[in-house]
There are 2 protein chains.
Amino acid sequence: MSLVVVGSVAFDSIETPDGSVQNALGGSAVHFSLAASLFGPVQLVGVVGEDFPEDRHQLLRNRGICTAGLEVIPGGETFRWSGKYFDDMDQRETLTCDLNVFEKFKPEIPAAYRDTGFLFLGNGAPVTQSSVLNQMNSAPFTMVDTMNFWIHQDRSELVELLGKVDALVLNDEEAYLLTQEKNLVRAGRKIREMGPRFVIAKKGQHGATIFHEDGEMALPALPLADVVDPTGAGDSFAGGLMGSLQRSNRTDLEAIKVAVAWGTITASFCCGGYGVDGILEADRSALRERFDHYRKMLDLGSVEIPLASH
Amino acid sequence: MSLVVVGSVAFDSIETPDGSVQNALGGSAVHFSLAASLFGPVQLVGVVGEDFPEDRHQLLRNRGICTAGLEVIPGGETFRWSGKYFDDMDQRETLTCDLNVFEKFKPEIPAAYRDTGFLFLGNGAPVTQSSVLNQMNSAPFTMVDTMNFWIHQDRSELVELLGKVDALVLNDEEAYLLTQEKNLVRAGRKIREMGPRFVIAKKGQHGATIFHEDGEMALPALPLADVVDPTGAGDSFAGGLMGSLQRSNRTDLEAIKVAVAWGTITASFCCGGYGVDGILEADRSALRERFDHYRKMLDLGSVEIPLASH
């Protein structure tokens with residue numbers, strides 16, 4: 001079972017209260033791929049300009065990421081984004097956003113990828129996301145991401161897409177916007193009625209909530225004293241999640257829950273460095289250790305507390 | 001081992017986007033006691049006016065709450081509060097606050113309560129909270145609550161109190177205010193340095209984080225589709241927490257974690273009705289069922305996901 005991701009590849013310039021980084025490797029498909037590659041091979045579909053250096057291609061390939069689907073536009077420039085985080089690291093402001101070659105991105109899925117078992121459609125225009133689905137031979141387990149911009153701009157196309165996918169991952173604020181609900185549980189339930197079997201609402205430092213056919217499950221984030229840079233944490237979360245699913249080759253609720261836990265762990269590593277540095281520093285033993293700590297943190301044991309009778 | 005609570009007894013008038021209630025039984029000591037009484041007997045210390053009806057005294061006693069420490073001021077009026085919730089139920093505005101007999105409350109701890117094993121000091125002036133500690137013969141496991149007002153107004157008295165207690169429960173926003181930190185983990189660690197062995201930061205619908213000598217543990221809240229009225233949820237949380245601790249007669253970290261889980265469950269019942277109605281409707285089987293569901297929700301099983309090697 002393989003895992004295909006379609007999304008952006010970018011250079012990010014990021015300012016936080018404690019420091020900054022220029023032209024760091026970023027973009028949804030990059031953050032997703034690097035996180036998912038901690039579990040198994042990934043096939044990346046994206047677009048870059050001629051300015052995308054060979055050593056960045058090499059970095060991805062060294063991590064088991066197939067870049068046969070990474071189109072290079074001759075004479076083109078790679079997507080560049082810059083942003084600034086506020087003191088609490090929960091809010092950020094986009095300073096510049098030059099889509100460059102990503103603006104006209106029409107993903108062409110290589111023939112060898114069209115029978116994949118798992119597909120992640122990174123944040124992008126819903127019609128573009130739909131065009132990828134239409135190119136698949138198989139019916140992969142498909143998860144999509146979206147954002148405020150598309151909910152405002154292309155609502156009907158997005159709703160149409162939601163009828164054709166297995167899972168949606170989005171921020172809590174986006175869930176409120178999409179449904180006009182003020183309560184997350186009601187919002188998540190409403191989105192499930194639009195089609196996806198699983199809806200996963202990300203709440204940043206507050207964890208994530210999974211909506212499924214029998215109800216809801218909330219999992220916390222790992223408490224972090226040092227959030228260096230949260231850029232890409234959402235895509236790293238999705239990458240860890242889909243990487244774990246693909247590795248277990250299961251898509252039942254229990255597998256989704258464990259996968260969300262793995263997404264939580266990979267996202268926590270992402271936050272530990274600028275750009276992709278946090279994920280690149282994560283090795284197997286560090287990942288495993290943090291996951292075991294997380295599982296233990298959530299284990300309520302089996303002690304029974306007797307209740308009063310009245 | 002008994003459990004003593006010192007705090008307010010009040011009549012609350014509450015407006016939410018979906019309805020309202022007038023002069024409902026409330027106050028920190030009431031919400032705490034009713035929640036804790038689901039686990040075992042509680043001894044309440046507070047003050048009311050002559051307007052506090054006999055059937056309210058009776059309601060508390062019927063729940064196993066000893067009201068020998070509930071002082072009635074002849075000719076006095078009971079504390080009255082009114083407030084209004086905004087659409088998202090996360091924010092509220094105080095409309096009126098008449099402290100009445102609570103303004104000059106000087107808690108007198110009945111002799112029979114002074115050897116208690118567990119003590120909860122509901123939100124109030126730190127000097128008043130300290131005066132309770134000074135009346136105890138024993139050294140009970142003591143948890144205090146506080147709020148923005150006291151952090152602003154009586155910071156040094158509060159910090160002095162924190163040096164003498166075992167645990168502090170407060171909202172995340174209050175933790176930021178008390179420490180001038182913007183990151184919850186750093187804030188919690190800083191508060192622990194002020195004295196309490198355990199700091200429990202409440203995050204409302206996002207759950208709670210426990211700070212202890214070896215680190216931090218986050219637990220989510222139970223996802224709720226219908227939040228009727230969150231008034232008293234924080235005190236119900238503390239009541240379930242301390243009730244569970246007293247019942248298990250343990251104060252080690254594992255017991256604290258299970259107790260926070262029970263606090264989470266009791267708080268979820270509190271949110272299900274106006275004033276104390278939600279807690280009054282909770283019976284043993286409903287509590288047990290919700291706790292088992294919560295424990296299962298957090299159980300990540302033992303499936304190992306193999307990680308990639310590179």
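Start by selecting A:His212 and A:Gly215: A:His212 stands opposite A:Gly215, which sits in strand β13 of chain A. Keep in mind as you click around that this is a predicted model.

**Stop 1: β12 and β13 of chain A**

Now widen your selection to residues 215–219 of chain A, which make up β13(A), and add β12(A); these two strands pair in the antiparallel sense over 5 bridges. Follow the chain from β12(A) to β13(A) and you'll go round a hairpin of 2 residues. What holds paired strands together in general? Strands of a sheet pair through backbone hydrogen bonds, either parallel or antiparallel.

Stay with β12(A), residues 208–212. Of its 5 residues, 4 are buried, so β12(A) is largely enclosed by the rest of the structure.

**Stop 2: back to β11 of chain A**

Next, select residues 198–202 of chain A, which is β11(A). How many of the 5 residues of this strand are buried? The count is 5 of the 5, so β11(A) is largely enclosed by the rest of the structure.

Turn on the side chains here. In a regular strand the side chains alternate between the two faces of the sheet. Look at how that plays out: A:Phe198, A:Ile200 and A:Lys202 point one way, while A:Val199 and A:Ala201 point the other way, and all of them are buried.

β11(A) has partners to visit, too. With β12(A) there are 4 bridges, and the two run antiparallel. Select A:Val199 and you'll find A:Phe211 of β12(A) opposite; select A:Ile200 and the residue opposite is A:Ile210 of β12(A). The two strands form a hairpin with 5 residues between them, and in the turn A:Gly204 has a positive phi of about 60°.

Now add residues 167–171 of chain A, strand β10: 5 bridges join β10(A) to β11(A), and this pair runs parallel. One spot to click is A:Leu170, whose bridge partner in β11(A) is A:Ala201.

**Stop 3: over to chain B**

Switch to chain B and show its strands β3, β2, β6 and β7. In that order, these 4 strands form an open sheet with mixed pairing. Why do β3 (19–26) and β7 (92–98) of chain B each have one side without a neighbour in the sheet? Both stand at the edges with a single partner strand each, so one side of each is left free of a neighbour in the sheet. Going from one strand to the next, the twist averages 15°.

Finish with residues 79–85 of chain B, strand β6: 6 bridges join β6(B) to β7(B), and the two run antiparallel. For a last click, pick B:Arg80, which stands opposite B:Asp98 in β7(B).

Conventions
Residues are numbered from 1 along each chain as its sequence is written. Chains are lettered from A and ligands numbered from 1 in the order in which they are written. This is a predicted model: local features need pLDDT of at least 70, side-chain atom pairs count only at pLDDT 80 or more; totals for chains, interfaces and linings use all residues. Two strands pair if DSSP finds at least two bridges between them. Axes are lines fitted to C-alpha atoms, for helices over the stretch in contact, and angles run from 0 to 180 degrees between N-to-C directions. A residue is buried if 20 or more other C-beta atoms lie within 10 Å of its own, exposed if 12 or fewer, and partly exposed in between; C-beta atoms are placed from the backbone.
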